[in-house]
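Subject: Structure for you to look at, with notes

Dear colleague,

I am handing over the structure we spoke of, and I would be glad if you read these notes with it open beside you. Please take your time over each part and check it by eye as you go.

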Amino acid sequence: LDPPSKPEKGQQLRFCGLSVTGSLMPLRQTALLTTFMETLFFWSPLVPLLSLAILGATLVNHFLFDFAVWHFQVHVPSDAMNRSAFLSRSYLTLSLALSCGFQLWHAFGTKMQGRYVLL
């Protein structure tokens, strides 16, 4: 760990001389969770085992984040951009709507059994 030089930058975790604290920032964590949720919405109905992989990735990410913060006592940056990080409801709604459209297109395009259940 580097000593905290500036409070807004936080305390940096280094690995092989490179700072690896950037992936712990709330903004990047939120982007990762949004990507996981979008993948879950879009592909899990077509590939059900993918939902288990996404759940595992989310749990591992949460465990590693907590491990870095509690064990290594990493202080994540607290600038204005990271304090206002949140999941975009409109983006996830659009992603869910597009995934429903894609699933309907796929089901009716391939004449899948039970395609009318999706309606």
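What follows goes from the chain as a whole to its helices, then to the aromatic rings, and ends with two single residues.

Please keep in mind throughout that this is a predicted model.

The whole chain

The chain contains four helices and two strands, and, read from the N terminus, these elements come in the order β-β-α-α-α-α. There are 119 residues in the chain, of which 20% count as buried. The surface that the chain exposes comes to about 8600 Å², and 70% of that area is supplied by carbon and sulfur atoms. If you take the contacts in the chain with a separation of 6 or more, 60% of them are between residues 24 or more positions apart.

Helix 4

Helix 4 covers residues 89–109, which makes 21 residues, and the distance from its first C-alpha to its last is 30 Å, close to the 30 Å expected at 1.5 Å a residue. Which residues of helix 4 are buried? They are L92, S95, S99, Q103 and A107. When you look down the axis of helix 4, its buried residues fall within an arc of 95 degrees, and so they line one face of the helix. These buried residues pack against helix 1, which runs over 26–43, whereas S90, L98, W105 and G109, on the other side of helix 4, are exposed.

Helix 1

The partner helix can be read in the same careful way. Helix 1 has 18 residues, which at 1.5 Å a residue should span 26 Å, and its end C-alpha atoms are 25 Å apart, which agrees. Its buried residues are Q29, T30, T34 and F36. Seen down the axis of helix 1, these buried residues fall within an arc of 160 degrees, so they too line one face of their helix. What do the buried residues of helix 1 pack against? They pack against both helix 2 and helix 4.

The aromatic rings

Counting rings whose centres lie within 6.5 Å of each other as a pair, the total is six aromatic pairs. One of them is formed by F42 and F102, whose ring centres are 4.9 Å apart and whose planes stand at 20 degrees, so the pair is stacked. This pair links distant parts of the chain, since F42 belongs to helix 1 and F102 to helix 4, with their positions 60 residues apart. Are these two rings buried or exposed? F42 is partly exposed, at a relative accessible area of 22%, and F102 is partly exposed as well, at 23%.

Another stacked pair is that of F63 and F67, where the ring centres are 6.0 Å apart and the planes are at 25 degrees. These two residues are four residues apart in helix 2 (residues 49–70), and are therefore separated by about one helical turn. F63 is exposed, with a relative accessible area of 53%, while F67 is partly exposed, with 36%. You can also look for a cluster, in which ring pairs link F42, W43, F102 and W105.

Two single residues

S44 lies in the loop between helix 1 and helix 2, and its relative accessible area of 12% means that S44 is buried, because buried stands for under 20%. A polar atom of the S44 side chain lies 3.2 Å from the backbone oxygen of L40. If neighbours within four places in sequence are left aside, S44 is in contact with T39, L50, S51 and I54.

K111 is found in the segment after helix 4, and at 62% relative accessibility K111 counts as exposed. What is the phi of K111? It is positive, at about 50 degrees, although K111 is not a glycine. Most residues other than glycine have a negative phi, so please look at the backbone of K111 with that in mind.

With best wishes

Methods
Residues are numbered from 1 along each chain as its sequence is written. This is a predicted model: local features need pLDDT of at least 70, side-chain atom pairs count only at pLDDT 80 or more; totals for chains, interfaces and linings use all residues. Side-chain values use heavy atoms; hydrogens and water are left out. The expected span of a helix is 1.5 Å times one less than its number of residues. Buried means under 20% relative accessible area, exposed over 50%, partly exposed in between (1.4 Å probe, protein chains only). The arc is that of the directions from the helix axis to the C-beta atoms. Contact means heavy atoms within 4.5 Å. Rings of Phe, Tyr and Trp (its six-membered ring) pair if their centres lie within 6.5 Å; planes under 30 degrees apart count as stacked, over 60 as edge-to-face and the rest as tilted. A polar contact is a pair of N or O atoms within 3.5 Å; within protein, one must be able to donate a hydrogen and the other to accept it, and residues adjacent in sequence count only if both atoms are side-chain atoms. Accessible areas come from the Shrake-Rupley method with a 1.4 Å probe; for residues, only the protein chains shown count as cover.
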